[in-house]
Amino acid sequence: MASIVGDANVVANRDQLAVYEYDWTRRWHGRPLLAVRPSSAEEVARVFCACREASVGIVMHGGNTGLVGGATPFDGEVVLDTVRLAGIGDVDRSSRQFTVGAGVTLERAQEHARAAGLDVAVDLAARSRATIGGMVATDAGGALAMRYGTMRSSVAGVEAVLSDGRVLTRLSGLLKDNAGYDLPALLIGSEGTLAAITRVRLMLVKRPAHRVVALIGLESFADAVDLVADLRDRLGVTLEAVEFFDRIGMELACARLRKRDPLPAQHVVYVLLQIADEEDPVGLLAGAVDGPASEAMAVAEDRERQRALWSYRETLNEAVTARGVVLKYDVSVPQASIAQFVAAVDVQIRAFDERATLVIYGHLGDGNLHVNLLDVELDERQVDDALSKLVADHGGSISAEHGIGRAKRAILHPTRSSAEIEAMRAIKRALDPSETLGRERVLPPIEASGR
Ligand code: MLT
Ligand code: ZN
């Protein structure tokens, strides 16, 4: 490996390898053989060939902010750290695009785009560590997905390396290109199991200059869903984000931030919304929120207060993780089923264990709920099965934005048909026949899929 990437970019020392051994939640771990840090697609290709020859598996590692163990090695795997795939090209103002290395953090990409008066369309709380390559590989969503779509909507092309060392390059950024299969699209959301994404051609957006943020307390999930429908009707494209969290989420956020509840009374559910426009949108907010909702509302007009309101929502992942080992589910359900689904989860969890603490928060605007269980010692398999069945019964998906990784592969089945899983297996066999990349991730074990 050293002959490919240089001595300094091969990590073999146990102490230095420790950073790769655990995922962010510390629920997944493994002891890698070594970690390598290539700086180009060509170097990645040579690393892949060496690993393939030695029959050693490879796991891709970006910012390590994933929550499903997808970037955590199994014992004996080689970690391919994308940190040196860090180039950023100039912003092309005519196409509103630029090319970034897979290892560039979202925050750096945002700074670069903003310097040209544009922005990356996807934003999420882990922006200082999450990498563009990892975000494409997991089709990250985040808070602005209801307005601009998930990462998939921002990708105009990729450069990627197959496990046999061949490099696929589609970086010209054509918006219209129907010549054959859309290979970059195939790699979006493939979580490092089909190829290593090394560079990304990103489409940028021009976000409006002014915004207002409001936190509204409501008495039921049904009210929150109705509010979203009204806001959509009244605000159209000026509605940039609608997030939510529950009462326990508010308590955890206050404790973690050491701040007070921004609303004077307690509520069952909190909706955080952001409106953006070319003119000051405060008037739009006043016209969009009326009745009891307008009486339990905190409004932030300046940047600092807006950040403060957002912090209650953005700290939740850290807040629940800090409480100890958590069972986490990242699900999507149709808007019309959200209230019913939340009630059904509550009943199910109480049936398993009366003392369980259920914390639900996420992205209400696109039906993406993060379901977290604390204070319990439950049989994970039993909860997995019950929740995935509830998700399937409500027409949902068991992964909205975090992917499948190691954590959810056994429960892919209820929401993906056998035909779909077989097609996924066929693609995997075709692109990575030696099973070098992302072994035992994403695709269900054969026995769990009934074949
Ligand atoms: C979020 O929305 O905060 C992130 O997706 C992480 C999570 O808390 O599950
Ligand atoms: Zn999220």
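**Reading the two ligand sites**

The shell around ligand 1 in this predicted model has two nonpolar, four polar and three charged residues.

Me: Which residues make up the surroundings of ligand 1?

Reply: A residue is listed if one of its heavy atoms lies within 4 Å of the ligand. Here the list is Leu67, Arg313, Asn317, Lys328, Tyr361, His363, His370, Glu401 and His402.

Me: Which polar side-chain atom of Tyr361 or other residue should I look at? Start with Tyr361 and its distance to ligand 1: what is it?

Reply: A polar contact is a pair of N or O atoms within 3.5 Å. For Tyr361, a polar side-chain atom is 2.6 Å from an oxygen atom of ligand 1. The side chain of Arg313 also has an N or O atom 2.6 Å from a ligand 1 oxygen. For Glu401, the distance from a polar side-chain atom to an oxygen of ligand 1 is 3.0 Å. Of the 260 Å² of accessible area that ligand 1 has on its own, the protein covers 86%.

Me: Which residues coordinate the zinc ion (ligand 2)?

Reply: Donors are N, O and S atoms within 2.8 Å of the metal. The zinc ion has His363 (NE2), His370 (NE2) and Glu401 (OE), at 1.9 to 2.1 Å. Along the chain, these donors follow the spacing H-x6-H-x30-E. His370 sits in strand β16 (residues 368-374), and Glu401 in the loop between α15 (380-393) and α16 (418-431); the two are 31 residues apart and link distant parts of the chain.

Me: Does His370 count as buried or exposed, and why?

Reply: Buried means under 20% relative accessible area. His370 counts as buried because its relative accessibility is 6%. Glu401, at 10%, is therefore buried too.

Note on methods:
Residues are numbered from 1 along each chain as its sequence is written. Chains are lettered from A and ligands numbered from 1 in the order in which they are written. This is a predicted model: local features need pLDDT of at least 70, side-chain atom pairs count only at pLDDT 80 or more; totals for chains, interfaces and linings use all residues. Side-chain values use heavy atoms; hydrogens and water are left out. A polar contact is a pair of N or O atoms within 3.5 Å; within protein, one must be able to donate a hydrogen and the other to accept it, and residues adjacent in sequence count only if both atoms are side-chain atoms. Accessible areas come from the Shrake-Rupley method with a 1.4 Å probe; for residues, only the protein chains shown count as cover. Ala, Val, Leu, Ile, Met, Phe, Trp, Tyr, Cys and Pro count as nonpolar, Asp, Glu, Lys and Arg as charged, and the others, Gly among them, as polar. Donors are N, O and S atoms within 2.8 Å of the metal (3.2 Å for Na, K and Ca); water is not among the atoms, so sites may look incomplete. Helices (H or I, at least four residues) and strands (E, at least two) are DSSP runs, numbered from the N terminus. Buried means under 20% relative accessible area, exposed over 50%, partly exposed in between (1.4 Å probe, protein chains only).
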